[in-house]
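This report describes selected features of one protein chain, taking up its sheets, one of its helices and its nonpolar core in turn.

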Amino acid sequence: ATARTDAARGLRFSPVAPNTTDAVVVPEGYDQNVVIRWGEPILRGAPAFDPERQTAEAQAGQFGYNNDFLALLPLPGECDRQLLVANHEYTDEVLMFRGYDAANPTRQQVEVAWAAHGLTAVVVEEDRKTGSLTAVPRHHLNRRVTATTEFRLTGPAAGSDLLKTSADPTGRKVLGTLNNCSGGTTPWGTTLHGEENFNQYFANATRATDKRYGIGTGATERKWERFDKRFDVAQEPNEVHRFGYVVEFDPYDPTSTPRKHTALGRFKHEAATVRLTDDGRPVVYSGDDERFDYFYKFVGSKRMRHGTSRAVREHNLSLLDEGTLYVARLTGDSPATDIDGSGKLPADGEFDGSGTWIPLATATADGAVSHVEGMTAEEVFVFTRLAGDKVSATKMDRPEDIQPSPVTGKVYVVLTNNSNRGKTGYAPADEANPRNANKHGHILELTERRGRAESTTFAWSLFLVAGDPGDPATYFAGFPKDKVSPISCPDNVAFDPYGNLWISTDGNQLGSHDGLFGVATRGDRRGELKQFLTVPTGAETCGPIVQDRRVIVAVQHPGEIDGASVEKPASTWPDGPGKIVRPAVVAVWRADGRDIGI
Ligand code: FEO
Ligand code: CA
Ligand code: CA
Ligand code: CA
């Protein structure tokens, strides 16, 4: 009973204990349902899911694989309905196809995988009586975007020689999006999607720039290069320069061509989250999810317009084409000798300091200007990691999601882990990344100067240093550690209506399953972290959305355990024994119909 009342508003639930149950486990008094699973038909004419007879054509009309980011947008005029947008980050062929031969995938399997990547827009409807949320098949706004859908490259690098290929001499038209991890929702009613680990789809790369992006010198694991030469860098050197961007999607216009915004730079974009300056210009934060890589901010120069006319929507879709791209450099305020790599707090009692947003390049209507010596503006936008290297940006422990609080304006930067920190040949711990061999990750709280989104300097401190609270090298914003849940490998974050931060995890190193947690960011309960749910065996928790009455999560890659396959499943979620494991979206609500955590 104490757990329900003795907590911050929005977090009054009995925490779920760490566990290894092959299920989604929610607090006492809460109910759940599966909103939509991989393979469920959403478009007109799409067949029912049949794992034994998969085709690319069927998959292109069905919900894709490995749901990650989720957005839920209003549908005015349609009672109890909202528009769900989901990312489909990647495919797990060995869990999708019976008898999959990794050395010799068939053309059909490869084409199914192309169709299982990308995005989904699907209308969902709530049942007011039960609280459940279900997909509405064949709605006219339902749409699939896949690895072969036409995209437009926009912004300062569009049309440059670096982006031209034999199939596209204009350098402006790309087929498909890959590895969409997390994303964001814009104030003008579109969604953003980060192309993250795009390197894994490209084979036979030898250039230094490719190496900096982790693109391999040999064959890829999926072997797509055997079926389409654009995935072979030796044959089509510039195709790989057309992935690694932030994608913008207009889910209200099912005929729209989605865009890739070069002005936000090219790296392993985990996500892209937007806020507005006081005068209405967009500011976008994005992390590059790699050990020792950077996080970035884009400040637009054009103001958002209000309204729904075609001209207004077209204007707003161009907002991310002009502005300045910055990378973060952080300085600690404690002497370096205070940071010993163990995670022990420095003498001033806090991991904290100041920071600068270093400009990399500016895009205008008349062209682009580089701020990095030795690189053209086009090079900065296409080889952004190299620009960050040149200006000595701060090497972070894998920047994942970055979210500004809608209540306080403080910005939360999630660093998931970094097993190489402090190893021979790698950067040692610093005040912003204070643990060597960082297994559990941390979350940084950033305050833009004067609270203005466009500021070029900021203050920062660590809000959370994750792990088992019994471990002295953890920190929960100063909250008593005997009252918090253990947490490891934070990845995506979202805010609830009260300004609590909700954190989903990927890769829990504490021996229990991944899950979703809520933590107060202000008041006398700041730092009190409580686990709200856990996910099935092998899964990570993604795409959290926390509304008044409902929590929605994407259960990504359930059953993804070394050695598992269709024949030897590690998980039987969500449909039970004998059924193929399927990534799916889950809704959770209070059985008594009241608000979450009240
Ligand atoms: Fe796809 Fe950085 O997680
Ligand atoms: Ca300090
Ligand atoms: Ca992620
Ligand atoms: Ca992750």
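## The six-stranded mixed sheet

In this predicted model, an open sheet is built from 6 strands with mixed pairing, and their order across the sheet is β8-β7-β12-β11-β10-β9. The edges are taken by β8 (173-175) and β9 (180-185), and because each of these has a single partner strand, one side of each is left without a neighbour in the sheet. From one strand to the next, the twist in this sheet averages 30°.

At the β8 edge, the partner is strand β7 (residues 150-154), which runs antiparallel to β8 and is joined to it by 3 bridges. Within this pairing, R152 of β7 stands opposite K173 in β8.

## The four-stranded antiparallel sheet

A second part of the description concerns another open sheet, in which 4 strands follow the order β26-β27-β28-β29 and the pairing is antiparallel. Its edge strands are β26 (490-495) and β29 (529-534), each of which pairs on one side only. The twist here averages 25° from one strand to the next.

The edge strand β29 is held in register with strand β28 (residues 515-519) through 5 bridges, the two strands running antiparallel. Across this pair, L516 stands opposite L533 in β29.

## Helix α4 and its surroundings

Helix α4 (residues 107-116) is mostly covered, since 8 of its 10 residues are buried. The buried positions are Q109, V110, E111, V112, A113, W114, A115 and A116, a list in which the charged residue E111 appears alongside the aromatic W114. The elements that cover these buried residues include the helices α2 (56-59) and α3 (93-96), together with the strand β3 (81-88).

Just after α4, the backbone at G118 takes a positive phi of about 105°.

## The largest nonpolar core

What is the extent of the largest nonpolar core, and which residues have the most contacts inside it? This core has 159 residues, and V413 and V586 are those with the most contacts inside it.

For V586, the contacts can be listed once its neighbours within four places in sequence are left aside: V586 is then in contact with V24, Q32, V34, V35, V553 and V555. Among these partners, Q32 is a glutamine, whereas V24, V34, V35, V553 and V555 are valines.

Notes: Residues numbered from 1 in each chain as written. Chains lettered and ligands numbered in written order. Predicted model: local features only at pLDDT ≥ 70, side-chain atom pairs only at ≥ 80, totals over all residues. Pairing = 2+ DSSP bridges. Axes fitted to C-alpha atoms, helices over the stretch in contact; angles between N-to-C directions. Buried ≥ 20, exposed ≤ 12 C-beta atoms within 10 Å, placed from the backbone. Contact = placed C-beta atoms within 7 Å. Core = buried A, V, L, I, M, F, W, Y, C linked by C-beta atoms within 7 Å.
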